[in-house]
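Me: I'm new to this one. Could you take me through a single part of it slowly, the sheet and what surrounds it?

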Amino acid sequence: MGNFNSIQAGKRRRSIFKRRLPAVDSFNNPIGPHEGIKTVEADNLCDFSRNSDLCICVVTWNMNGQVSYEDVVELVGSNRRFDLLVVGLQEVPRNNLARMLQDALVETHELLGKAIMQSLQLYVFGPKNSDLFIKELKVDKHSVGGCGGMIRRKKGAVAIRINYKGFRMVFITCHLSAHGRNVEERNSQCRHISHSLFSKYWNPYARPAEITIWLGDLNYRLQGITTHPARSLIRRNLHGLLTSKDQLLQEAERGQIFNGYCEGTLTFKPTYKYNTGSSNYDTSYKVRVPSWTDRVLFKIEDPNKISASLHCYESIDDIYSSDHKPLRAHLCFKVIK
């Protein structure tokens, strides 16, 4: 699926990356020196179609088994200044989510592809008649077993491989094992997913994907801090100090996962776990440590051929029906000539 090691920041002269420290390989195996996850600063400026060849809005949300049409409208937003909308959903209820999404987007975008494995679902939308730009579209899925102890909480990943406007891309949404102690299990699941997806389509002559985007409830937690000190920092808007406790970044630094991937700066508050119906963190007897379980990571195969810029990486805080807040990223890509 491609080996994406670094990216450049569009036409900006200086790099927007701060290296976080070493991590893992193109999908799993540490091949050569590991680079870690690189932090990308979002500039909040997207000159749609002017300075980019392709703009993608990426949204991930663990729905906790419930949804309303109003939530879906809020999820996709009213600003449609993008080519593709990629929506990854976990713990999806039995509602017809595809229809709800299509209804919310009916004026601007149409469904190009979907990959579904029970409660784990991935959708790609494009402007009307944009199916003319598709040269390839394949879907795949990989289950890692278990249902989180509850019905409709499937663990694993679903993926879409697409050639759109000449860009060869792979989108993967996943839901990995829960609980802070299961770090190695999550690492192993990442590796198995990476090696398994699209393996049945393997072709030694096929060109690899140029862009890979992972999104979903990766379920990595904060480690080395208890809930009350963590919440105290969040209340004082000092949650940036918690990134050193983030298991995903720690495991990437150790060279276990996501080598050479990029992620936006974690400027938003941890997206889990909230009391449903509110923006208050968990007050159950478990009083879980807030964590950035929901993430969007991306990687480019050859930074000398494609540049990328991040214009948004934020939680959607006005949705209250789940114990997770949705997450949105806005990415733009340009072919380097």
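**A close look at the sheet**

Reply: Let's start with the strand order: S5-S6-S4-S3-S14-S13, six strands forming an open sheet with mixed pairing. At the edges you'll find strand S5 (109–117) and strand S13 (306–315), each of which pairs on one side only. Going from one strand to the next, the twist averages 15°. Keep in mind that this is a predicted model.

Now follow the S13 edge. S13 pairs with strand S14 (residues 327–335) in the antiparallel sense, and nine bridges link the two. If you want a spot to zoom in on, find Ser309, which stands opposite Cys332 in S14.

Next, look for helix H2 (residues 97–105), which packs on the sheet. H2 touches strand S4 (84–90), S5 and strand S6 (120–127), and its direction makes about 25° with that of S6.

While you're here, have a look at the aromatic rings too. There are seven aromatic pairs in the count. Take Tyr274 and Tyr281: their ring centres are 4.5 Å apart and their planes are at 25°, so this pair counts as stacked, the cut-off being under 30 degrees. Both Tyr274 and Tyr281 are buried. Tyr274 also has a charge over its ring: the charged end of Lys325 sits there, 5.0 Å from the centre.

A similar arrangement involves Arg186, which lies over the face of Tyr220 at 5.1 Å from the ring centre. And for one more group of rings, pick out Trp214, Phe258 and Tyr261, which form one aromatic cluster.

Conventions:
Residues numbered from 1 in each chain as written. Predicted model: local features only at pLDDT ≥ 70, side-chain atom pairs only at ≥ 80, totals over all residues. Heavy atoms only, no water. Pairing = 2+ DSSP bridges. Helix = DSSP H or I, 4+ residues; strand = E, 2+ residues; numbered from the N terminus. Axes fitted to C-alpha atoms, helices over the stretch in contact; angles between N-to-C directions. Contact = heavy atoms within 4.5 Å. Phe/Tyr/Trp six-rings, centres within 6.5 Å; stacked < 30°, edge-to-face > 60°. Buried < 20%, exposed > 50% of the residue type's maximum accessible area, 1.4 Å probe, protein only. Lys NZ or Arg CZ within 6 Å of the ring centre and 35° of its normal.
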